[in-house]
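Student: Could you take me through one small part of this protein slowly, and then show me how the rest is arranged around the open spaces in the model? I would like one connected explanation that I can follow with the structure on my screen.

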Amino acid sequence: MDLLEVQSISKTYGSGETAVHALKEVSFSVPKGEFVSIVGESGSGKSTLLNMLGALDSPTSGRVWIDGKDIFSMKEGALTVFRRRNIGFIFQAFNLIPELTVEQNIIFPVLLDYQKPNKKYLEELLTVLNLKERRNHLPGQLSGGQQQRVAIGRALITRPSLILADEPTGNLDTHNSSEVIAMLREASRKYEQTIVMITHNSSIAQTTDRILRVSDGRLTDFGRGCQE
């Protein structure tokens, strides 16, 4: 079953001779639980595409379905709730709240939705992410790799069906990058979460299930990455 389906997405900024065609008739689908990487040069349109998948921006034309829901047919309020409950975001810059502890940063999306955190699942995440001994630390007391693990926990805590990761290893060294990718693969396998990740690192892209390349606003499916 396809968790994500993208149909003929186009995005144009401006009009006339100054128009910029960031995306051009992009179509693809991602089955539930697949870990997909999107590669491409700077300015190729891959970040624009990720913003469309996360409903952070709207397309000029085309449609996106997540778990069978046509997201751009929703009203803004309903879309905000859907995005909060069904899409997890991981950013290169971590975007942690400096005044909150590790545990508080992780459960923040749940509290934002006026829900109570699942304590058993929280403990499981803290264990998997090797953060139990850091749960009461502030972001400023953590290494870059630890901060990114917190960001992953925050993305996972709502059990979203789709995780969108924008260069999640961009600020990390080789060792921490490998750990982060391993954790994302574990989330894909263990929790059957669908992951779409932007990366400039071709070696990292090769470890994912499938590689998509965006070039000049158009998408090419390069098929399987790792073969397990």
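Tutor: Happy to! Let's begin with Asp70, which is buried, because its relative accessible area is 14% and buried means under 20%. Please keep in mind that you are looking at a predicted model. Asp70 belongs to strand 5. Leaving aside residues up to four places away in sequence, Asp70 touches Arg63, Val64 and Trp65.

Now move along to Ser73, in the loop between strand 5 and helix 2. Is Ser73 buried or exposed? Ser73 has 54% relative accessibility, so it counts as exposed, the cut-off for that word being over 50%. Arg63 turns up again here: its C-alpha atom and that of Ser73 are separated by 8.7 Å, although the two residues are ten apart along the chain.

Let's step back to the sheet. Strand 5 is one of four strands that form an open sheet, in the order 2-1-4-5, with antiparallel pairing. Strand 2 (20-31) and strand 5 (69-70) stand at the edges; each has a single partner strand, so one side of each is left without a neighbour in the sheet. Further in, strand 1 (residues 2-13) and strand 4 (residues 61-66) run antiparallel and are joined by five bridges. To find a pair on your screen, look for Glu5, whose bridge partner in strand 4 is Trp65. Trp65 is also among the residues that Asp70 touches. A helix meets this sheet as well: helix 1 (residues 46-53) lies across strand 1, strand 2 and strand 4, and runs at about 55° to strand 2.

Next come the open spaces. The largest pocket holds about 360 Å³ of space. Its lining has 15 residues, and Ile87, Phe89, Pro109, Leu112 and Arg154 are the closest to its centre. Two or more lining residues come from each of helix 2 (76-86), strand 6 (87-91), helix 3 (102-112) and helix 5 (144-156). Strand 6 gives the largest share, four residues. Sorted by class, this lining has eight nonpolar, four polar and three charged residues.

The second largest pocket has a volume of about 180 Å³. Among its 13 lining residues, Thr169, Thr174, Ser177, Asn201 and Ile204 lie nearest the centre. Here helix 6 (residues 174-190) provides the largest share of the lining, four residues. The classes divide into three nonpolar, nine polar and one charged.

Finally, how many cavities of 30 Å³ or more does a search of the whole structure find? The search finds one, with a volume of about 40 Å³. You can pick out its lining by selecting Leu125, Val128, Leu129, Leu156, Met183, Glu186, Ala187 and Tyr191. Helix 4 (119-128) and helix 6 are the elements that give two or more residues to this lining. The largest share, three residues, comes from helix 6, which also gives the largest share of the lining of the second largest pocket. By class, the cavity lining has seven nonpolar residues, no polar ones and one charged residue.

How values were computed
Residues are numbered from 1 along each chain as its sequence is written. This is a predicted model: local features need pLDDT of at least 70, side-chain atom pairs count only at pLDDT 80 or more; totals for chains, interfaces and linings use all residues. Side-chain values use heavy atoms; hydrogens and water are left out. On a 1 Å grid over the protein atoms alone, a cavity is a set of points where a 1.4 Å probe fits but cannot get out, and a pocket is an open set with protein on both sides within 12 Å along at least five of seven lines; lining residues have an atom within 4 Å of a point. Grid points are joined across faces, edges and corners, and a volume is the space filled by probe spheres set on the points. Ala, Val, Leu, Ile, Met, Phe, Trp, Tyr, Cys and Pro count as nonpolar, Asp, Glu, Lys and Arg as charged, and the others, Gly among them, as polar. Two strands pair if DSSP finds at least two bridges between them. Contact means heavy atoms within 4.5 Å. Axes are lines fitted to C-alpha atoms, for helices over the stretch in contact, and angles run from 0 to 180 degrees between N-to-C directions. Buried means under 20% relative accessible area, exposed over 50%, partly exposed in between (1.4 Å probe, protein chains only).
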